[in-house]
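Trainee: I keep seeing labels like "exposed" and "salt bridge" on models. Could you walk me through how they are earned?

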Amino acid sequence: MSVILITGGTGAIGTALSEEFARTDDVIFTYSTNKEQARLLMGKLNCFCAPMDTSDISSVNDTVQNVLREFGHIDVLVNNAGISLIKPFLDTSYEEWLRVIDVDLTGIFNVTRAVAPSMVSRKSGAVINVSSVWGVHGASCEVAYSAAKAGVIGFTKALAKELGPSGITVNAVAPGVIDSPMNSAHLSSEELSALAEDTPLGRLGQPYEVAKAVRALAENCFITGQVLGVDGGFY
């Protein structure tokens with residue numbers, strides 16, 4: 001049984017990831033603010049949860065060390081925690097820019113930097129980062145988010161080369177438009193319908209489909225440095 005650490009476990013994709021891996025493995029998912037939902041999910045899936053702000057290095061280090069003390073090792077790290085910002089570039093403040101970069105990109109650095117030494121010492125492990133189709137192609141009115149997610153892709157490709165000699169794989173998934181509360185909160189039903197029509201498969205993606213892709217990357221020891229599009233052929 002493997003030990004899986006998933007960040008941002010209370011969102012739609014995070015919940016699907018926890019559900020997918022909890023069927024077969026020990027899962028620890030993190031949450032930032034939604035404590036009640038985290039507890040409900042923990043009880044439902046018979047897994048574990050821990051508070052963690054990925055943008056706060058002290059919070060990250062404390063949580064990772066607690067997990068390592070309790071479980072001894074981490075086999076798979078899924079960097080899923082993230083926030084979005086839909087706003088014209090000229091209306092985006094410096095503070096908003098920093099917040100998106102801190103959570104979506106620096107957060108992945110913080111968590112991976114805390115987990116990687118234990119993987120290197122065991123010569124084994126898998127890191128899967130959740131990027132976005134907008135990190136590959138960019139999105140109007142989502143410059144900060146697109147930039148952060150593009151950074152995740154560069155981080156993934158570079159780290160795969162560095163950690164490969166230690167037997168560690170590093171990959172990313174780039175979800176397209178997923179049927180999730182986060183997208184519903186920012187996009188109208190008409191906009192979502194238009195995006196579904198623009199997708200060759202003719203629909204939005206489901207969170208569990210992203211989770212299945214992450215599992216596939218976690219289990220294949222000869223795939224590394226790759227970005228797997230889970231976008232229904234959107235691009």
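Mentor: Sure, start with Lys44: its relative accessible area is 61%, and it is called exposed. Keep in mind that this is a predicted model, where local features need pLDDT of at least 70, side-chain atom pairs count only at pLDDT 80 or more, and totals for chains, interfaces and linings use all residues. Residues are numbered from 1 along each chain as its sequence is written, and side-chain values use heavy atoms, with hydrogens and water left out.

Trainee: Why is Lys44 called exposed?

Mentor: Exposed means over 50% relative accessible area, buried means under 20%, and partly exposed is in between (1.4 Å probe, protein chains only). Lys44 has 61%, so exposed is the word.

Trainee: What makes Lys44 and Glu19 a salt bridge?

Mentor: The rule asks for a side-chain nitrogen of Lys or Arg within 4 Å of a carboxyl oxygen of Asp or Glu. Here the N to O distance is 3.3 Å, so the pair qualifies. Lys44 sits in helix H2 (residues 35-45) and Glu19 in helix H1 (residues 12-22), so the bridge ties together parts 25 residues apart in sequence. Helices here are DSSP runs (H or I, at least four residues), strands are runs of E (at least two), and both are numbered from the N terminus.

Trainee: And why does Glu19 count as partly exposed?

Mentor: Because its 31% falls between the two cut-offs.

Trainee: How do you know that Glu219 and Arg215 are about one helical turn apart?

Mentor: They are 4 residues apart in helix H9 (residues 207-219), which means about one helical turn. They also form a salt bridge, with the closest N and O atoms 2.8 Å apart. Glu219 is exposed at 51%, whereas Arg215 is buried at 11%. Salt bridges with shared partners join Glu20, Arg23, Lys212, Arg215 and Glu219 into one network.

Trainee: Now the rings: how many aromatic pairs are there?

Mentor: The count is 4. One of them is Trp134 with Phe234, at 5.8 Å centre to centre and 90° between the planes.

Trainee: What makes Trp134 and Phe234 edge-to-face?

Mentor: Rings of Phe, Tyr and Trp (its six-membered ring) pair if their centres lie within 6.5 Å; planes under 30 degrees apart are stacked, over 60 edge-to-face, and the rest tilted. With 5.8 Å and 90°, the pair is therefore edge-to-face.

Trainee: Is Trp134 buried or exposed?

Mentor: Buried, because its relative accessible area is 16%.
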